[in-house]
Amino acid sequence: MNIDWTHFSPWASLAGGAVIGLATALYLLANGRIAGIAGILASPLRALMAGTTLGPDVNRLLFILGLLLAPWAWRLVAPLPVAVVDVGTGSLLVAGLLVGVGVRMGNGCTSGHGVCGLSRFSGRSLANVLAFMGAGFVTVFVLRHVL
Amino acid sequence: MSNVFGFVSGLIFGIGLILAGMTQPLKVKGFLDLAGAWDPSLALVMGGAIALGVVAFAMARRRERSWTGAPMEIPTNRTIDRRLVTGGVLFGTGWGIAGFCPGPALVALGSGMGSAAIFVAAMLGGMVVHDKLLAPRVSGRA
């Protein structure tokens with residue numbers, strides 16, 4: 001194994017993780033809910049599709065608004081880190097579709113099963129995390145070292 | 001009040017994602033590339049988040065109601081079935097292709113990144129496809 005020391009950012013990543021944990025704790029203790037992004041997105045989306053009221057989803061929509069505005073808050077203090085996407089539109093569409101179907105089928109993503117699930121020692125979440133991490137490792141291996 | 005907490009939680013969550021490096025798809029793929037030059041940073045993101053998460057869930061379990069008076073909705077589902085694992089595999093494959101998972105994609109969209117907009121549109125489409133066509137009766141989250 002070959003560690004990429006140039007890009008390794010242990011302190012920023014550990015601190016960023018702690019901030020994510022803090023937000024998760026706040027949402028859980030204040031609103032009694034899991035801060036799982038897939039679920040927070042899916043719930044108002046389902047209400048829209050079904051034509052039912054968005055009332056119960058207002059706090060989720062505001063959570064999403066908070067995510068969308070986070071880079072603007074960041075820019076008040078520092079420039080945003082440069083984000084590079086190394087695939088084209090077609091791949092982005094396929095990837096987005098797979099993520100959308102996958103997180104609904106598995107009922108959660110990196111936050112709901114990853115952060116929240118592992119924090120409450122859920123075997124169900126661990127199974128999902130192992131599946132998506134494993135698939136992520138295999139996909140990057142195939143794209144970068146096989147194809 | 002729960003709306004204020006919703007917004008503030010989302011804002012802090014998003015700032016954490018930026019600080020952690022999760023909004024940089026190439027960095028995420030560097031973490032997933034075990035056979036290349038491996039960047040282990042994202043393992044520390046999980047570690048930092050779970051360290052606080054464990055404390056938060058331990059506190060939450062001792063409460064009947066949240067600070068705003070809502071019932072504590074901690075998932076009770078323990079079923080490990082094919083849908084759970086297949087869903088994880090599909091999600092991980094998409095994550096590996098683009099380097100985006102749902103939260104960071106929304107943050108990147110907010111920053112005005114065009115490729116994130118394409119990804120998020122397809123992701124929302126995927127969610128609708130699942131709920132409408134693949135499992136119209138299934139609901140619930142996490």
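**Two chains and their contact**

Good morning. I begin with one pair of helices: α6(A) passes α4(B) in a right-handed crossing. The two helices pack at an angle of about 35°, and their axes are 7 Å apart. From α6(A), the contact is made by A:Arg124, A:Ala127, A:Asn128, A:Ala131, A:Phe132, A:Met133, A:Gly134, A:Ala135, A:Gly136, A:Thr139 and A:Val140. From α4(B), the contributing residues are B:Leu84, B:Val85, B:Gly88, B:Val89, B:Phe91, B:Gly92, B:Thr93, B:Trp95, B:Gly96 and B:Ile97. By type, the residues of this contact divide into 12 nonpolar, 8 polar and 1 charged. Please keep in mind throughout that this is a predicted model.

Let me now turn to chain B as a whole. The secondary structure of this chain comes to 6 helices and 1 strand. Along the sequence, the elements of chain B follow the pattern α-α-β-α-α-α-α. The C-alpha trace of chain B spans about 45 × 35 × 30 Å along its principal axes. Chain B has 142 residues, of which 58% count as buried. If we take the contacts in chain B between residues at least 6 apart in sequence, 39% of them join residues at least 24 apart.

One element of chain B deserves a separate word, namely α2(B). How many of the 8 residues of α2(B) are buried? The number is 7, and the helix is mostly covered. The buried residues are B:Pro25, B:Lys27, B:Val28, B:Lys29, B:Gly30, B:Phe31 and B:Leu32. These buried residues pack against α3 and α4 of chain B, and also against α6 of chain A. Helix α6 of chain A has thus appeared twice: in the crossing with α4(B) and as a partner of α2(B).

I move on to the whole contact of the two chains. Chain A gives 111 residues to it, and chain B gives 113. On the side of chain B that touches chain A, each of the following supplies at least two residues: α1 (2-20), α2 (25-32), β1 (37-38), α3 (41-61), α4 (82-98), α5 (102-110) and α6 (114-134). Which of these elements provides the largest share of that side? The answer is α1(B), with 18 residues. The residues of this side of chain B divide into 66 nonpolar, 36 polar and 11 charged.

Strands also join the chains. Strand β1 of chain A, residues 2-3, is linked to β1(B) by 2 bridges, and the strands run parallel. Within this pairing, A:Asn2 stands opposite B:Ala37 in β1(B).

Next, the nonpolar core. The largest one has 88 residues, and those with the most contacts inside it are A:Ala23, A:Leu26, B:Ala105 and B:Phe119. Helix α1 of chain A, residues 10-31, gives the most to this core, with 12 residues. Consider A:Leu26 in particular. Apart from neighbours within four places in sequence, A:Leu26 is in contact with B:Phe5, B:Val8, B:Ser9 and B:Ile12.

Two residues in helix α3 of chain A make an instructive pair. A:Leu68 lies in this helix, which covers residues 58-75, and A:Pro71 lies there as well. Is A:Pro71 buried or exposed? A:Pro71 is buried, because 23 other C-beta atoms lie within 10 Å. A:Leu68 counts as partly exposed because it has 18 C-beta neighbours inside 10 Å; the cut-off for a buried residue is 20 or more.

Their contacts, setting aside residues up to four places away in sequence, reach into chain B. A:Leu68 touches B:Leu106, B:Leu109 and B:Gly110. A:Pro71 touches A:Leu80, B:Ile18, B:Val107, B:Gly110 and B:Ser111. As for distances from C-alpha to C-alpha, A:Leu68 and A:Gly112 are 18 Å apart in space and 44 residues apart in sequence. A:Pro71 and A:Asn2 are 32 Å apart in space and 69 residues apart in sequence.

I close with a crossing inside chain A. The axes of α5(A), residues 110-119, and α6(A), residues 123-146, come within 8 Å and cross at roughly 145°. This crossing is left-handed. Here A:His113, A:Gly114, A:Gly117 and A:Leu118 of α5(A) meet A:Ser125, A:Leu126, A:Asn128 and A:Val129 of α6(A). The residues of this contact divide into 3 nonpolar, 5 polar and no charged. One residue, A:Asn128, belongs to this contact and also to the contact with α4(B) described at the start. Thank you for your attention.

Conventions:
Residues numbered from 1 in each chain as written. Chains lettered and ligands numbered in written order. Predicted model: local features only at pLDDT ≥ 70, side-chain atom pairs only at ≥ 80, totals over all residues. Contact = placed C-beta atoms within 7 Å. Helix = DSSP H or I, 4+ residues; strand = E, 2+ residues; numbered from the N terminus. Nonpolar A, V, L, I, M, F, W, Y, C, P; charged D, E, K, R; others polar. Pairing = 2+ DSSP bridges. Buried ≥ 20, exposed ≤ 12 C-beta atoms within 10 Å, placed from the backbone. Axes fitted to C-alpha atoms, helices over the stretch in contact; angles between N-to-C directions. Left-handed = near helix turned anticlockwise from the far one by under 90°. Core = buried A, V, L, I, M, F, W, Y, C linked by C-beta atoms within 7 Å.
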